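Me: I'd like to walk through a structure with you, one question at a time. Could you take me through the reasoning behind each answer?

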Amino acid sequence: MLSQITAITGINLKSIPERWGPSLVIVVGLAGVVAVFTALFAMAQGFASTLADRGRDDVALILRGGSSDSELNSVLTREVATLITQAPGIRRGADGKIEAASELVVISELPKKGEPTPAPGKRATGVNVTLRGVEPTSFTLRPNVRITEGRMFQTGLREMIVGRGVITAFEGAEIGKVVRMRGSDWTVVGMFESGDASESEVWVDLGTAQTTFRRGGSISSVLAQLDGDGAMDRLKASLAADPRLASDVTTQRQYLSAQTKQFRAMIQTLGVFLVIVMGLGAIFAALNTMYAAVAARSREIATLRAIGFGGMPVLVSVMAEALVLSALGGLVGATIAYLLFNNVSLSTLGANFTQVVFSFKVTPGLVGVGLVIAVVIGFLGGLLPAVRAARLPITTALREL
């Protein structure tokens, strides 16, 4: 039987170019399914990797209790922040200094690139961007942040460093430019890269931000280095025991992951819906194409059955044709998605109602899943025509000779 399967499958595959029109229907249909699936999930993957994948499990983020897991909604006074940094579980460095940083998050605006030029005398419409007031320890706790152009801002001056994504996506954020934010002018003195969501932010000196934006000594969050195993539990227990320090404590990775949850769920739901709808269309296209192929080859199938070929080799040959065409369509779709979308940058509204700049990530895993989807659709679309071909009555088919 193996020799029969090999022989008839080879004949089927070699005859595909003679039926390139109907065969192209399967290839194009499945290419569209895989391209859409890969592009949508590459968007979700890129957004998730920009946020959650770069967070650390050994760094704690402390917010005011009940702030809905958002730095924007969190307000901690200077006194509370000081008490938090002295809690057990936070590491002290070799110099005895506490490895924690107080940070302030403020929403500002920048015009997006590509927006229409405003009329004379009118200001360009901006979109929300995160302005973060930081301390020197903020850089220690984020070792992936590095200044790649320009210099560091000076304490006490209205100077800022901007993430690479900000320069990519927004107008007027280049080094040397003066940016007006919430009624005050700031000079861009440097650009930094981090490989995560911080690249969508502008960073300034914490004290200068508090003074400029009239925040007194209040901050949004405390970022702290945990002191070994069990440090998180000790820190949570200590803060929970003091009613003055009502706070939410989580790891940096958990916090960032929570920021992507809603977006990922939306994209995944949309992706699954579109794949199902387009997949059904592709299945019907495959059914029609393979039924037509079987009908066109009924004389050939009858001849093979008459000279001793069994029904199973015929079934396998038809299935092989459907699977080869579906795999080809999957490869075409994955290639299109990779060429058009991989590493393409865009911005979307994040959990803090500010823009997050990220890139599509077409990973080998996504390509593999896309190919599996294509093959499954091809299998379902080719199964019934293959069964029909295998059951084709020899006497009925021979009458067509």
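Reply: Happy to; the questions below go from the whole chain to single residues, and please keep in mind that this is a predicted model.

Me: Let's begin with the overall make-up. How many helices and strands does the protein chain have, and what share of its residues is buried?

Reply: The secondary structure comes to 12 helices and 12 strands. For burial, the count runs over the 401 residues of the protein chain, and a residue is buried when its relative accessible area is under 20%. The buried share is 48%.

Me: Among contacts between residues at least 6 apart in sequence, what percentage join residues at least 24 apart?

Reply: Here the pool is limited to contacts in the protein chain between residues at least 6 apart in sequence. Of these, the part that joins residues at least 24 apart is 79%.

Me: Now for a helix pair. Are α10 and α11 roughly parallel or roughly antiparallel?

Reply: Helix α10 covers residues 311-341 and helix α11 covers residues 364-390, and their axes lie 7 Å apart at an angle of about 150 degrees. Angles over 145 degrees count as roughly antiparallel. Therefore α10 is, relative to α11, roughly antiparallel.

Me: What is the handedness of that crossing, and which residue classes make up the contact?

Reply: Where α10 passes α11, the crossing is right-handed. By class, the contact of α10 with α11 has 20 nonpolar, 5 polar and no charged residues.

Me: Which residues touch the most other members of the largest nonpolar core?

Reply: That core has 42 residues. A second, separate core has 33 residues, including Phe47 and Met290. Back in the largest core, the residues that touch the most other members are Ile62 and Leu235.

Me: Which residues does Ile62 contact, leaving aside its neighbours within four places in sequence?

Reply: Contact here means heavy atoms within 4.5 Å. With those sequence neighbours left aside, the partners of Ile62 include Leu76, Ile84, Val222, Leu235, Leu239 and Val249.

Me: Is Gly65 buried or partly exposed?

Reply: Gly65 is found in the loop between β1 (59-64) and α3 (78-85). Leaving aside its neighbours within four places in sequence, Gly65 is in contact with Ala246, Ser247 and Asp248. Its relative accessibility is 25%, so Gly65 counts as partly exposed.

Me: Finally, how far apart in space are Ala258 and Ala48, C-alpha to C-alpha?

Reply: Ala258 lies in helix α8, residues 252-296, and counts as partly exposed because its relative accessibility is 40%. Ala258 and Ala48 are 210 residues apart in sequence. In space, C-alpha to C-alpha, the distance between Ala258 and Ala48 is 9.9 Å.

Methods
Residues numbered from 1 in each chain as written. Predicted model: local features only at pLDDT ≥ 70, side-chain atom pairs only at ≥ 80, totals over all residues. Heavy atoms only, no water. Axes fitted to C-alpha atoms, helices over the stretch in contact; angles between N-to-C directions. Helix = DSSP H or I, 4+ residues; strand = E, 2+ residues; numbered from the N terminus. Parallel < 35°, antiparallel > 145°, perpendicular 65-115°, else oblique. Left-handed = near helix turned anticlockwise from the far one by under 90°. Nonpolar A, V, L, I, M, F, W, Y, C, P; charged D, E, K, R; others polar. Core = buried A, V, L, I, M, F, W, Y, C linked by side-chain atoms within 4.5 Å. Buried < 20%, exposed > 50% of the residue type's maximum accessible area, 1.4 Å probe, protein only.
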